[in-house]
Amino acid sequence: MKASDSASVVIELSNDVEAVRRAREFLRDVLMTWCLQDVSAVAELLTDELVANVVRHVRAPMHLRAVRQPSSIRVEVDDPSTDLPARQDPEPTDDHGRGIVLVESLASAWGVVVRDDGKTVWFEIALEAEGSQSGEG
């Protein structure tokens, strides 16, 4: 699916091993279309975590939505479960359990909206103000 210049785009993802890869490719395409490649690495990582949580814990199809806002990019994952994501404190040798910790650490904001038919887990990444980007780094 190709992204458009629309302020909001969505893709349906099936619950399978390809969901995370498809989500990452979709988001990368959207951010490139919106000329927001500078937030792509973090946005893709956090999207990977949210989609993987649905695949692992909910085991159902989901919708991934990217929303371009004036000062941030918002990514939402809708699934049919009303169970809230749980923050875990994994041991350093654990393979899983860092998703929400990463979202808390790297997102500007995040949250969950519970509906009768499921929930939306979302995060936002702040965008630098136009003209404030410099070549320093």
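This passage describes the sheet, the helices packed around it and two individual residues in a predicted model.

The sheet is open and consists of five strands, arranged in the order β1-β2-β3-β5-β4 with antiparallel pairing. Strands β1 (8-13) and β4 (109-115) occupy the edges; each has a single partner strand, so one side of each is left without a neighbour in the sheet. From one strand to the next, the twist averages 15°. Strands of a sheet pair through backbone hydrogen bonds, and the pairing can be parallel or antiparallel.

The pairings can be followed across the sheet, beginning at the edge formed by β1. Strands β1 and β2 run antiparallel and are joined by six bridges. I11 has L64, in β2, as its bridge partner. Strand β2 is in turn joined to β3 by six bridges, again in the antiparallel sense. Here A66 is matched with V75 of β3 as its bridge partner. The connection between β2 and β3 is a hairpin of three residues. On the side of the sheet that ends in β4, this strand pairs with β5 (residues 118-126) over seven bridges in the antiparallel sense. The bridge partner of A109 is E124 in β5.

Helix α2 (residues 40-58) packs on the sheet and touches four of its strands, namely β1, β2 (62-68), β3 (72-79) and β5. The direction of α2 makes about 165° with that of β5.

Helix α2 also meets helix α3. Two packed helices are described by the angle between their axes and by the distance between the axes. The axes of α2 and α3 (residues 99-106) come within 9 Å and cross at roughly 150°. Since angles over 145 degrees count as roughly antiparallel, α2 is therefore roughly antiparallel to α3. The crossing of the two helices is left-handed. On the α2 side, the contact is made by V42, L45, L46, E49, L50 and N53, and on the α3 side by G99, I100, L102, V103 and L106. Sorted by class, the residues in this contact are eight nonpolar, two polar and one charged.

Two residues illustrate positions in a helix and in an edge strand. A23 is part of helix α1 (residues 19-33). Its relative accessibility is 0%, and because buried means under 20%, A23 counts as buried. Leaving aside neighbours within four places in sequence, A23 is in contact with L13, T47, V51 and L64. L64, one of these contacts, is also the bridge partner of I11. The C-alpha atoms of A23 and D48 are separated by 7.2 Å, although the two residues are 25 residues apart along the chain.

V112 belongs to strand β4, which stands at an edge of the sheet. With a relative accessible area of 29%, V112 is partly exposed, because this value lies between the limits of 20% for buried and 50% for exposed. Apart from neighbours within four places in sequence, V112 is in contact with L84, P85, K119, T120, V121 and W122. The C-alpha atoms of V112 and V77 are separated by 9.6 Å, and these residues are 35 residues apart along the chain.

Notes
Residues numbered from 1 in each chain as written. Predicted model: local features only at pLDDT ≥ 70, side-chain atom pairs only at ≥ 80, totals over all residues. Heavy atoms only, no water. Pairing = 2+ DSSP bridges. Axes fitted to C-alpha atoms, helices over the stretch in contact; angles between N-to-C directions. Contact = heavy atoms within 4.5 Å. Parallel < 35°, antiparallel > 145°, perpendicular 65-115°, else oblique. Left-handed = near helix turned anticlockwise from the far one by under 90°. Nonpolar A, V, L, I, M, F, W, Y, C, P; charged D, E, K, R; others polar. Buried < 20%, exposed > 50% of the residue type's maximum accessible area, 1.4 Å probe, protein only.
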